[in-house]
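Good morning, and thank you for coming. I should like to walk you through one structure, beginning with its metal site.

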Amino acid sequence: MLKDYWYIACKAADIQRGPVAFTAFEQPLVAFLGRNDKPAVLIDRCAHRNAPLSEGAVREGLLVCPYHGWSYDTDGSLAVLPVCPASSAATTPVSTDATKTASINIAVDSWPCVEQDGYIWFCLSHQPATEKPQPFAHMQEPGWTSFTMDTLFDAPVDTCLENFLDCPHATFVHRHWFRTPTLKQVKAEVRINWDGAEAEYFDEPREQSVVWSLLTRKKSTMRHIDRFIAPATSRVDYDFSDSRYYVITSSCTPVNETQTRVHTVVTFRFGSFGRLVRFFFKPLSMRIIKQDVEIVRQQQANIDRFGGRRYRVIPQDLLYRHIVQWRNSIEKGEPLPSEAPPETINLVL
Ligand code: FES
Ligand SMILES: [Fe+2]
């Protein structure tokens, strides 16, 4: 099931300021920082009269409902019920049936939650597929700099992932900024990994674009791999012979069937000016991502206008098939795609 995996709720710094509302898999949720700095994710609905807990406050590590002050612990259990004498929620007679009272324990749904790499991660299953979320590459390593971006796409997760891992769109959508058509034929090798699939490009052109001229040296050689990590992550590596290295990882949290919250981490090693590079690299990346937001919005709006998808898939759509196959297998609980010999595909960029 797709819900067995870890997804990002928000930045860890956000819950330092108070509860944070977000939606995933169509569920309204709230993240907050509980006792002993333990992060938590609960359903965003008070058990009493269903007020949104995210509009409340955190006091002494408990999430306090804004309406009558019922206060919840990180496991979702009701810890304080202000109107009841002795304020012991567990023994207070209450009922979900308005006409009766019965002695029950009160709790709201809570989900596994951890802080990692500066983000709050949650899993909407009590048995996550992996013990922890997958770490972002090189993020904590000396010599590397990173910055993050948070973007809402009006499209489902697979559409976003395909966009992030698709080279041919760059010569149209990001022309001059990222790629300019050279009509050069290049080779790509597509491989199945244990956790997804990847495409490596050989002899790809990198002329006449703002990004390449600012971030690379002409003489260096480049290794470029686009990687899909099932079910909801894309990772793009550009590794240069002069020891510059860029990794762009995007972690997709499905808001609902038509919206995806994308948390992108750009990690890079640039030599002595690494930290300064961020000052133009980030605005440049934001500009490029905006172009993707717009084309994907147009794509999805048109799909909706026609009442559904009707795609033609060609071999040069290198990773699309794999994204769909892996996500379908996970969703249906079927065996995951197994290893296969690498495929070589020619394409023109
Ligand atoms: S609605 Fe939350 S305490 Fe009443
Ligand atoms: Fe793009």
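**The metal site and its surroundings**

The site of the iron ion (ligand 2) is irregular, with angles of 57 to 145 degrees among its four donor atoms. Before going further, please note that this is a predicted model, in which local features need pLDDT of at least 70 and side-chain atom pairs count only at pLDDT 80 or more, while totals for chains, interfaces and linings use all residues. Residues are numbered from 1 along each chain as its sequence is written, chains are lettered from A and ligands numbered from 1 in the order in which they are written, and side-chain values use heavy atoms, leaving out hydrogens and water.

Two terms need explaining. Donors are N, O and S atoms within 2.8 Å of the metal (3.2 Å for Na, K and Ca), and sites may look incomplete because water is not among the atoms. Four donors are tetrahedral if all angles lie between 85 and 135 degrees; four are square planar and six octahedral if opposite donors are over 155 degrees apart and all others between 65 and 115; anything else is irregular.

Which residues coordinate the iron ion (ligand 2)? They are His169 (NE2), His174 (NE2) and Asp292, the last through two OD entries, at 2.1 to 2.3 Å. Their spacing in sequence is H-x4-H-x117-D. Histidine 174, in the loop between α2 (170–173) and β15 (185–193), and aspartate 292, in helix α4 (residues 274–305), link distant parts of the chain, 118 residues apart. Helices (H or I, at least four residues) and strands (E, at least two) are DSSP runs, numbered from the N terminus.

Are these two residues buried or exposed? Histidine 174 is buried at 2% relative accessibility, and aspartate 292 is buried at 7%. Here buried means under 20% relative accessible area, exposed over 50%, and partly exposed in between (1.4 Å probe, protein chains only).

Helix α4 also holds phenylalanine 279, which is exposed, with a relative accessible area of 62%.

Let us turn to backbone geometry. Most residues other than glycine have a negative phi, and most peptide bonds are trans. The peptide bond from alanine 230 to proline 231, however, is cis, with omega near 0 degrees; proline 231 lies in the loop between β17 (222–229) and β18 (233–240). Glutamate 60, not a glycine, has a positive phi of about 50 degrees. This glutamate 60 sits in the loop between β5 (57–59) and β6 (62–64) and is exposed, at 76% relative accessible area.
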